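Subject: Structure for your review

Hello,

The structure is below, followed by notes on what was found in it.

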Amino acid sequence: MSAAENAKAVLRRLTAASATERILISFAALVLAVLVGAVIILVSGRITTCQTAATTLFGTGFCYDPVEVYLVLFNGALGEPFLLNDPALFNPNWNPLNFGFALTLKETTLLVFTGLSVAVSFRAGLFNIGTQGQLVLGGLATALFSLFVAPVLPSGLVGGLVLIPLAVIVGALVGGLYGAIPGALKAYADANEVITTIMLNFIAAQIAFVLVSEFFSNPDSQVVETTPLPDWATLLPVAFPQGGDFSILALAFGLALVVGVWFLLEQTSFGYDLRTSGEQPEAAEYGGVDAKRTTVTSMFLSGALGGMGGAIWVLMVMGKWQAGVPSLGFDGITVSILAGNNPLGVVPAALLFGTLKSGSLAVQFGTGVPKQLVGVLRGLIILFVAMPEFFRMLGSAIDLEPDRETVAADGGALGGDDE
Amino acid sequence: MSTTTIDRLRDTELSYRATLAGGALSVFLLIALLGLVFPSSIWGNLLAILTSRSTLSSALRLSVPITFAALGGIFSEKAGVVNIGLEGLLIISAFTAVITTAVVGPEMTVVGLPAIWIGFFAGILSSVLFSALFAVVCIRFKADQIIAGLAVWLIALGLAPFAATVYYGGVNTDNLGTTLGTWTIPVLSDIPFFGAFFDADPAVYMMLVAVPASWYVLNRTAFGRHVRASGENPKALDTVGVDVSRVRYAGVLLSGFLAGIGGSALSLGLGQFVGNNQTMVNGKGFIAIVAFLFGNYNPVGAFGASFLFAGLEAAQIRLQQVPGYGVPDSLIQTIPYVTVLVVLALVGRTRIPAASGEHYDTGDDNR
C-alpha cells in the first residue's frame with residue numbers, strides 16, 4: 001500500500017518537528033482525550049440507571065460525575081494519598097509502597113516493553129501492529145521453557161538467577177522471530193505490514209491456545225493455562241505488597257532497555273540505518289543501506305521487545321501462561337505514539353497510560369463506570385496525536401502562540417500555507 | 001506513466017491473480033477427485049462440505065460484512081484516502097444496530113418499520129458519522145491516514161464493549177430474540193444447491209445488488225470518474241474545477257455507509273453483539289482490505305475474494321462439526337487468516353491509486 005511512502009513522509013515531518021512541539025502536542029492530545037472521555041462518561045451516565053444522580057448539569061441529572069471519575073482514577077492509581085470528600089485532604093495512612101501504586105507500576109513496566117517494541121518499528125517506518133501476537137507467543141515460550149528447565153535446576157535464588165534471564169531471552173527470541181515474519185513478507189513480497197501483523201495476531205492467539213489446551217494444559221484447572229511456575233523462577237515483588245504483582249527488578253530492566261534502545265537508535269550506525277530507512281528510504285538506499293535487511297532486522301528487534309514484554313507478563317504478573325492475554329500490545333501503540341516514537345519518551349508515556357489503566361479499576365469499583373473506559377481513551381489519544389494540524393489551527397485561531405515561527409519548524413512543506 | 005508500463009503492470013497483476021485463482025480451482029478439483037475416489041475419507045467429507053447447500057448459504061451470509069467493507073474500502077481508497085479503519089466502522093455499526101433495536105424494543109414497530117430495521121439504519125448512520133469524523137481528521141486536519149485509521153479501529157474496539165457494559169453490565173449485549181430473518185423467493189429457492197441464493201438473509205440480496213451497482217458507479221458515472229481521478233491525479237481534477245476535498249469526503253462517507261450495512265447485517269443476522277476480545281467482527285475489516293487488494297479494486301473482484309475468504313470460514317465451521325480427525329478447532333480457525341496472509345504475500349505488489357494516502361492541498365481551503 002502506498003501509504004508506506006506517505007507514512008514515511010509523515011514520520012519525517014514528525015521527526016523534524018521540535019521536541020517541545022511534540023511534547024505540547026502529546027500533552028494537548030491527552031487533555032483533549034480526557035475531555036472527550038468526560039463527555040462520554042456524562043452520556044453513559046444517562047444510559048445507565050441509578051438511584052441518585054451523581055451530578056446535575058443544566059437541570060439534568062447524570063449517574064456519573066466525570067470530575068469525580070478522574071479524581072478517583074488518579075487517586076486510586078497512587079493508592080489514595082488524598083481523602084476525597086474530606087476536609088483533611090491528605091490521607092495520613094498513605095504509604096508509597098501501596099497496592100494501588102504497585103498496580104500502576106506493574107502496568108507501567110509492561111507498557112515500557114510494548115511501547116518500546118512499537119516505537120522501534122515506527123521509527124523504522126514500519127507499522128508493527130503485531131506486538132500483541134509477538135507478546136503472546138514470547139510469553140508462552142518463556143513459560144514453557146521455564147517449566148521444562150526448572151526441574152533440572154537447583155531451586156531457590158541460584159536457580160532463579162540462571163533461569164529467569166534465560167527465560168526472558170527465549171521469550172525475546174520467539175517474539176523476535178514471529179516479528180521477523182511480517183518483516184520478511186514486507187521486504188520480499190511487499191505485503192503491507194499493518195494487515196500481516198494483524199492477521200498474525202489472530203494466528204498467534206489461536207496457536208498459543210491450541211498448544212496450551214492440547215499439550216501443556218494444567219490438569220488441575222478449568223481454564224486454558226499452563227502449570228504455574230515455581231515461585232523461585234518468577235519475579236517476586238520486593239518492597240511492594242504481594243497482590244500488586246510488581247517487581248522493581250522488572251522495571252529496572254525495562255528502564256535499562258529504554259537506555260539501550262535509545263543508544264542503539266541514536267548512537268550506532270545500525271540505528272542510523274534504521275532511522276533513515278524510516279525517514280528517507282531513497283536516501284538510505286542511495287547511502288548503501290540494505291533496505292530489505294534493515295526491515296527484517298527492525299521487525300525482529302521490535303518483536304523481541306514485544307516478546308520480552310510477554311516474558312515479563314508471565315514471570316512477574318501471572319507466574320504461568322493463561323489464555324486471554326490482555327491487550328498490552330495495542331496499549332503499546334498508544335504509548336509509542338504519545339511518546340513521539342522516542343524511546344526516552346516511552347517512560348513518561350507508559351507511566352501516564354499505566355496510571356490510566358490501574359486507576360480505571362478504582363473507578364469501576366468506586367463509581368461504577370466500566371474499566372473499559374481506558375480502551376476508549378486509548379483510541380482517542382492516538383487520534384488526537386495523529387492530528388497536530390488541528391492543534392496548530394486551534395492555536396492560530398485563538399492566537400495563543402505569538403511565536404508561530406517555531407511551529408513552522410515542522411518541515412515547511414505544509415507549514416508554509418497554513419495561514 | 002506510459003501505456004506500455006501500465007500494460008506490463010496489468011499483465012503481471014493478472015498473472016498473479018490468474019495463478020491464485022488457478023491454484024484455488026486446482027485445490028478444489030484435487031479435493032473433488034480424492035473425495036470421489038475415497039468417499040469415506042476426510043476428502044469425501046470435505047467434498048460433501050464444499051458442495052453442500054448449507055455451506056453455500058453460510059458462505060454467502062459470512063461474505064456480507066467482508067464484501068460491504070471491501071466495497072467501502074474501494075471507494076475510499078480510489079478517492080485517495082486509505083481507510084484502514086473499516087474494522088472500526090464494522091464494530092461501531094454492529095453494536096449500534098443491536099443496541100438501537102434493544103432500546104426501541106425488538107417487538108415494536110414504529111411507523112410501519114419493525115424495530116430491527118430501525119436498528120439496521122441506525123447502525124449505518126453511526127458508521128457514516130464515524131467515517132465523517134475520520135474524513136475530517138484526515139482531510140481537514142491532514143492526519144496520517146494509517147494512524148487515524150488505527151485510531152478509528154481502536155476507538156470502536158474500546159467504545160462498543162464500554163457502552164455494552166454501561167447498558168448491560170457485560171461486554172456482550174443480550175440476545176434480541178429476533179434477527180433479520182430470511183427472504184425466500186418461491187420456486188427459485190427450490191433449486192438444489194444454487195437455491196441458497198434465493199433463500200437468504202435480506203443483506204445477502206443487498207450485497208448481490210451492491211456489488212454490480214458499485215462497479216457501475218465507479219466505472220460508468222461522472223462521480224466514479226471523479227473518485228478515480230481524485231486518487232490517481234488530484235491535480236488534474238482540481239484543474240477541471242472539481243473540488244478534490246469534496247470528492248474525497250464523499251468517498252470516505254460512502255465507505256462508512258457501505259461498511260455500516262455490513263456491520264448492521266453482521267450483528268442483526270445473529271441478533272446479538274459479542275464484544276469480548278476482538279469483538280464479533282474479529283478482523284473482518286482487515287480481511288476486507290486484503291479482499292479488495294486481491295480483487296484489484298474492482299468491486300466484482302473484491303466480492304469474489306470476499307466470497308473465497310467467507311467460503312473458507314464456512315467450510316472451517318462445518319469441518320469442526322466433522323468428528324474424528326483430531327485436528328483442534330482453534331487450528332482450523334486459523335485457516336482463513338493464514339489464507340489472507342498468503343494471498344497478501346502473493347498480491348502485495350498491487351498497483352494502488354497513485355495519490356492514495358497523500359494529502360492534497362488546493363492552496364485555498366485553509367481559511
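In this predicted model, the axes of helix 14 (residues 373–385) of chain A and helix 6 (residues 145–168) of chain B come within 7 Å and cross at roughly 165°. Axes are lines fitted to C-alpha atoms, for helices over the stretch in contact, and angles run from 0 to 180 degrees between N-to-C directions; helices are DSSP runs (H or I, at least four residues) numbered from the N terminus. The two helices are therefore roughly antiparallel (an angle over 145 degrees). Among the residues making the contact (C-beta atoms, placed from the backbone, within 7 Å) are A:Gly375, A:Arg378 and A:Gly379 on one side and B:Leu154 and B:Gly158 on the other. By class, the residues of this contact comprise 15 nonpolar, three polar and one charged (Ala, Val, Leu, Ile, Met, Phe, Trp, Tyr, Cys and Pro are nonpolar; Asp, Glu, Lys and Arg charged; the others, Gly among them, polar).

Across the whole interface, 47 residues of chain A are in contact with 48 residues of chain B. Helix 7 of chain A gives the largest share of the chain A side, 12 residues. That side has 31 nonpolar, 10 polar and six charged residues.

Chain A averages a pLDDT (the predictor's confidence in each residue, from 0 to 100) of 85, and 89% of its residues score at least 70. Over residues 401–419 of chain A, pLDDT stays under 50.

Residues are numbered from 1 along each chain as its sequence is written, and chains are lettered from A and ligands numbered from 1 in the order in which they are written. Local features need pLDDT of at least 70 and side-chain atom pairs count only at pLDDT 80 or more, while totals for chains, interfaces and linings use all residues.

Regards

How values were computed: Angles under 35 degrees count as roughly parallel, over 145 as roughly antiparallel, 65 to 115 as roughly perpendicular and the rest as oblique. Two residues are in contact if their C-beta atoms, placed from the backbone, lie within 7 Å.
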